[in-house]
Amino acid sequence: IYHVQRIDGEVASNIRQLFPWIGHVHTAGVPGRHEIDDTQELNYRFLAATLAELGYAGTVAHEYRPSPGRDPIKDLEQAFQIMNV
């Protein structure tokens, strides 16, 4: 998802179009690979719902660089809550 946004945008549209070939989803906040919360460009809750609507049952990996001053464990818990639809 991170790379689709950086290269092409239209993330939800690309997910829908390319869904038959998606075997793995990789998340990271844009910009900077930070948390996937509302401080980033993408609405990951919407993207998670899009994947669920399509029946995605594969692996979701989360890569990120904790922002200074934030609790990385709380950020990971929040990422799980966002992606668990």
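1. A good place to start is the pair H2 (residues 11–18) and H3 (residues 44–54), which pack at an angle of about 15 degrees with axes 10 Å apart. Axes here are lines fitted to C-alpha atoms, for helices over the stretch in contact, with angles from 0 to 180 degrees between N-to-C directions. H2 and H3 are therefore roughly parallel to each other (under 35 degrees; over 145 is roughly antiparallel, 65 to 115 roughly perpendicular, the rest oblique).

2. A word on the basis: this is a predicted model, where local features need pLDDT of at least 70, side-chain atom pairs count only at pLDDT 80 or more, and totals for chains, interfaces and linings use all residues. Residues are numbered from 1 along each chain as its sequence is written, and side-chain values use heavy atoms, leaving out hydrogens and water.

3. From H2, Val-11, Ala-12, Ile-15 and Arg-16 meet Phe-46, Leu-47, Thr-50, Leu-51, Glu-53 and Leu-54 of H3 (contact means heavy atoms within 4.5 Å). These residues divide into seven nonpolar, one polar and two charged.

4. Now the strands: S1 (residues 24–27) and S2 (residues 59–62) run parallel, joined by four bridges (pairing requires at least two DSSP bridges). His-24 stands opposite Thr-59 in S2. Between the strands the chain passes through H3, giving a right-handed β-α-β crossover.

5. H3 also packs with H4 (residues 72–83): their axes come within 8 Å and cross at roughly 45 degrees. H3 and H4 are therefore oblique to each other. Here Tyr-44, Arg-45 and Ala-48 of H3 meet Gln-81, Ile-82 and Met-83 of H4; the contact residues divide into four nonpolar, one polar and one charged.

Technical notes: Helices (H or I, at least four residues) and strands (E, at least two) are DSSP runs, numbered from the N terminus. Ala, Val, Leu, Ile, Met, Phe, Trp, Tyr, Cys and Pro count as nonpolar, Asp, Glu, Lys and Arg as charged, and the others, Gly among them, as polar. A crossover is right-handed if, with the strands pointing away from the viewer, the path from the first strand over the helix to the second runs clockwise.
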